[in-house]
Amino acid sequence: MSAKQFDVVVIGGGPGGYIAAIRAAQLGFNVACVDEWKNDKGGPAPGGTCTNVGCIPSKALLQSSEHFDHANHHFADHGISADNVKIDIAKMLGRKDQVVKQNNDGILYLFKKNKVSFFHGRGSFVAAKDGGYELKAGDETLQAKHVILATGSNARALPGATFDEENILSNDGALRIGAVPKKLGVIGSGVIGLEMGSVWRRLGSEVTVLEGLPTFLGAVDESVAKEAAKLFKKQGLKIELGVKIGEVKSGKKGVAVAYTDAKGEAQTLEVDKLIISIGRVPNTIGLNAEAVGLKLDERGAIIVDDDCKTSLPNVWAVGDVVRGPMLAHKAEEEGVAVAERIAGQHGHVNFNTIPWVIYTSPEIAWVGRTEQQLKADGVAYKAGQFPFLANGRARALGDTNGFVKFLADAKTDEILGVHIIGPFASELISEAVVAMEFKASAEDIARICHAHPSLSEATKEAALAVDKRTLNF
Ligand code: FAD
Ligand code: NAI
């Protein structure tokens, strides 16, 4: 059977891959995307980790559990009585699965609309051939002039604690727990640990998070991390820092985690379920990278330059499988940039303005440098902060925890970082991203008219605070 010819073949249909495929098709290329993710029925489920076991299902559960939490603890403030509030976990998981399916189907529709040929199965290199590459896509053979690798990442396992997705859970199992565990353990107080820990705590689990590092949320601005630690503790999330994990034993009754605490004392945590969220590793399993001599680094990531070019001509790589933050929007931006570079355009990704969000309650979001980074870099800066407590909309929402913080260059007033902990921080951060992308000063934001009453007024006020002239605080 002769090989099917394509200008661009993308391996991996997560946010990096499917977006690269669509952009390449928009630019007039004949494009194929190969993805092997299977739904429960064995059918295609494009969207990768993000859609199937990451961003989307976690946010669906965060929403459900937040409603439950509000009904139990906050409705009464509004004069609404909701006694004996119950949650049907099967229904909540079913809704989450529906949300995932809508996204899977949406991507298949987008492929059709943009005339991207989709192949469900594993993609792998066969050989360099005819100035391009011969590839396998399931049982089919493809010939590509350009290849974009977007094969993503997998959960990092803790040595001696194999994921069984029953008791010892990766992000996958953590999104499918069938009944609220009485006690839930989490190893790693990073983004997944905090988000998934929050879901199950709101639903009634007693959650203990064990973190290896002595500092909480080390990558986050210190004042935000401090505020988050205080609020999470108040909510009942137990977080132990500076621990050293020992033996993890899983049995019929649950999981026992032996560890040494920060004081050096031996402890055991007994839980019904254990989530291990200690980072993710790049995935190149099954690519047959050796057949073409594709170079990987010591972490197993595909080596790329600033333009996402790999060690092989006309082979590109994007997303979690390469260096940089493991975020869906970073993967997408790289996918778009690579498609544009293949078309001879000047695709660009600005790593300095990639926003980060942690979808806890309150949400945490930031862009740019933290105060501790500016100090380490020896940059003279001014800081301005405004609390949601003094914002009318936040008071009306009944959600006044947290603040917005601006960091601006001491001389030029250029915004160097914006850090938010509070309601809808995930949405509010966009204004800061736009401002930084346009190299705005804090004064620019301070002089822009913001709707009243809105949470975004806290952003304006924090910008005013840089010049010590807040109007409402
Ligand atoms: P992936 O999404 O991992 O997609 C890779 C795809 O390639 C998969 O479908 C895989 O099956 C397929 N594949 C791999 N090898 C082959 C092969 N040889 N042949 C065919 N197909 C192959 N990021 C955010 O920005 N916001 C969030 O809120 C967020 N929440 C998250 C929550 C959780 C629980 C997790 C685990 C992650 C979360 N992330 C979030 C991170 C985000 O999911 C990743 O950064 C993103 O999915 C990376 O996209 P990607 O395209 O590089 O890889
Ligand atoms: P992470 O890197 O955010 O956090 C891992 C944590 O585990 C760190 O605090 C680390 O110090 C700790 N740790 C590592 N080894 C340990 C050990 N042996 N014992 C105890 N603690 C240990 O990784 P996480 O939470 O697994 O998430 C992976 C990635 O997925 C994130 O880095 C992020 O890029 C992405 N993600 C993004 C989300 C978002 O954007 N909202 C949500 C969830 C995940």
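Which polar side-chain atom lies 2.9 Å from a nitrogen atom of ligand 2? It belongs to glutamate 195, as the views of this predicted model show.

**Figure 1. Polar contacts of ligand 2 in the predicted model.** The side chain of glutamate 195 places a polar atom 2.9 Å from a nitrogen atom of ligand 2. Two backbone positions are also shown: a polar backbone atom of isoleucine 192 lies 2.9 Å from an oxygen atom of the ligand, and one of valine 357 lies 2.7 Å from a nitrogen atom of the ligand. On its own, ligand 2 has 830 Å² of accessible area, of which the protein covers 76%.

**Figure 2. Residues surrounding ligand 2.** The shell comprises 21 residues, with Ile192, Glu211, Gly279, Met326 and Val357 the closest. Helix α6 (residues 191-202) contributes the largest share, four residues. Eleven residues of this shell are nonpolar, six polar and four charged.

**Figure 3. Backbone contacts of ligand 1.** A polar backbone atom of glycine 123 is 2.7 Å from a nitrogen atom of ligand 1. Backbone N or O atoms of glutamate 36 and cysteine 55 lie 3.2 Å and 3.5 Å, respectively, from a nitrogen atom of the ligand. The protein buries 94% of the 1000 Å² that ligand 1 exposes when taken alone.

**Figure 4. Residues surrounding ligand 1.** Of the 38 residues around this ligand, the closest are Asp35, Thr49, Lys59, Gly123 and Asp320. Helix α2 gives the most to the shell, with four residues. The shell divides into 14 nonpolar, 18 polar and six charged residues.

Note on methods: Residues are numbered from 1 along each chain as its sequence is written. Chains are lettered from A and ligands numbered from 1 in the order in which they are written. This is a predicted model: local features need pLDDT of at least 70, side-chain atom pairs count only at pLDDT 80 or more; totals for chains, interfaces and linings use all residues. Side-chain values use heavy atoms; hydrogens and water are left out. A residue is near a molecule or strand if one of its heavy atoms lies within 4 Å of it. A polar contact is a pair of N or O atoms within 3.5 Å; within protein, one must be able to donate a hydrogen and the other to accept it, and residues adjacent in sequence count only if both atoms are side-chain atoms. Accessible areas come from the Shrake-Rupley method with a 1.4 Å probe; for residues, only the protein chains shown count as cover. Helices (H or I, at least four residues) and strands (E, at least two) are DSSP runs, numbered from the N terminus. Ala, Val, Leu, Ile, Met, Phe, Trp, Tyr, Cys and Pro count as nonpolar, Asp, Glu, Lys and Arg as charged, and the others, Gly among them, as polar.
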